[in-house]
Amino acid sequence: GPTGDENPFAALAVGTDSTLEVMTWNLEHFAKNGATTSRAVTLALEALDADIVGLQEIGNAMRFQEVVDGLEGWDGYRASSAGYSINLAFVYRTDGNLQVDSIQEILTDDWRAFPRSPLLLLGSFDGQPIAVINNHLKCCGDGVIDEGDNGDEETRRQSACLQLEAYAEA
């Protein structure tokens, strides 16, 4: 049977040494159950073995650091400008073919479109340049774009997507 040392998420592994795996995970008001949550997230990330993970709704900086510290061969960055402290973050491998050069918030001047400014990670994998944008669009709404209402959730998401497209193409 399983020992206490086995990672309960081991079957989730997606990573390989020769490919770049990027994933996103909205942890919804992390860390809801304190150290128990941060430990479970650490184990899941360790098992998944992706190279870059964009995280959303990282409310607790100390618990986020516990996750980073629990991942051998990883580092992390958490933004701190989001309303209600539900910030974006990245965790990423430091012991393989990935080189992270910078992480910064982008598109910071339009709160309606981006209640949480997107995070841009720049670097390289196997010497090839990469750019990864972590974004958390405005939630909710009624499923109808109302361009006459700049507070409409769908209109806000549409604006964000158009701005991200223009940024990526520039």
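## A guided tour of the predicted model

Select A40: with a relative accessibility of 31%, this residue counts as partly exposed, because partly exposed covers values from 20% to 50%. The model on display is a predicted one. A40 lies in helix α1, which covers residues 34–48. Add Q128 to the selection; A40 and Q128 are separated by 88 residues in sequence, and their C-alpha atoms are 32 Å apart in space.

**The whole chain**

Now display the entire chain. The chain contains three helices and seven strands, and read from the N terminus the elements follow the order β-α-β-α-β-β-β-β-β-α. The C-alpha trace spans about 60 × 40 × 25 Å along its principal axes. For 170 residues, a compact globule would have a radius of gyration near 15 Å, and the 17 Å of the chain agrees with this.

Colouring by accessibility shows how the residues are divided: 41% of the 170 residues are buried. The chain exposes about 9,300 Å², of which carbon and sulfur atoms supply 49%. Of the contacts between residues at least 6 apart in sequence, 57% join residues at least 24 apart.

**The four-stranded sheet**

Next select β1, β2, β3 and β4. These four strands form an open sheet with mixed pairing, in the order β1-β2-β4-β3. The edges are held by β1 (22–30) and β3 (74–78); each has a single partner strand, so one side of each has no neighbour in the sheet. From one strand to the next, the twist averages 20°.

Within this sheet, focus on β2 (residues 52–58) and β4 (residues 87–93), which run antiparallel and are joined by five bridges. One pair to pick out is V53 and its bridge partner in β4, V91.

Then bring back the helices that pack on this sheet. Helix α1 touches β1, β2, β3 and β4, and its direction makes about 175° with that of β1. Helix α2 (residues 61–70) also packs on the sheet and touches β1, β2, β3 and β4; the direction of α2 makes about 160° with that of β3.

**The three-stranded sheet**

Move on to β5, β6 and β7. They form an open sheet in the order β5-β6-β7, with antiparallel pairing. Its edge strands are β5 (98–105) and β7 (128–134), each of which pairs on one side only. Neighbouring strands here are turned by 20° against each other on average, direction ignored.

Select β6 (residues 119–125) together with β7: seven bridges join these antiparallel strands. Among the residues to show is L120, which stands opposite I133 in β7.

**The loop between β5 and β6**

S117 is placed in the loop that links β5 and β6. Is S117 buried or exposed? At 11% relative accessibility, S117 counts as buried, because the cut-off for buried is under 20%. To see what surrounds S117, select L88, E105, I106, L107 and T108: these are its contacts once neighbours within four places in sequence are left aside.

**The cysteines**

Finish with C139 and C161. C139 is partly exposed, with a relative accessible area of 42%. C161 takes part in no disulfide, and the nearest cysteine sulfur, that of C139, is 14 Å away. A disulfide requires two cysteine sulfur atoms within 2.5 Å, and by this rule the count comes to zero disulfides. C161 is also partly exposed, its relative accessible area being 41%.

Notes. Residues are numbered from 1 along each chain as its sequence is written. This is a predicted model: local features need pLDDT of at least 70, side-chain atom pairs count only at pLDDT 80 or more; totals for chains, interfaces and linings use all residues. Side-chain values use heavy atoms; hydrogens and water are left out. Two strands pair if DSSP finds at least two bridges between them. Helices (H or I, at least four residues) and strands (E, at least two) are DSSP runs, numbered from the N terminus. Axes are lines fitted to C-alpha atoms, for helices over the stretch in contact, and angles run from 0 to 180 degrees between N-to-C directions. Buried means under 20% relative accessible area, exposed over 50%, partly exposed in between (1.4 Å probe, protein chains only). The radius of gyration is taken over C-alpha atoms; the globule rule is 2.2 Å times the number of residues to the power 0.38. Contact means heavy atoms within 4.5 Å. Accessible areas come from the Shrake-Rupley method with a 1.4 Å probe; for residues, only the protein chains shown count as cover.
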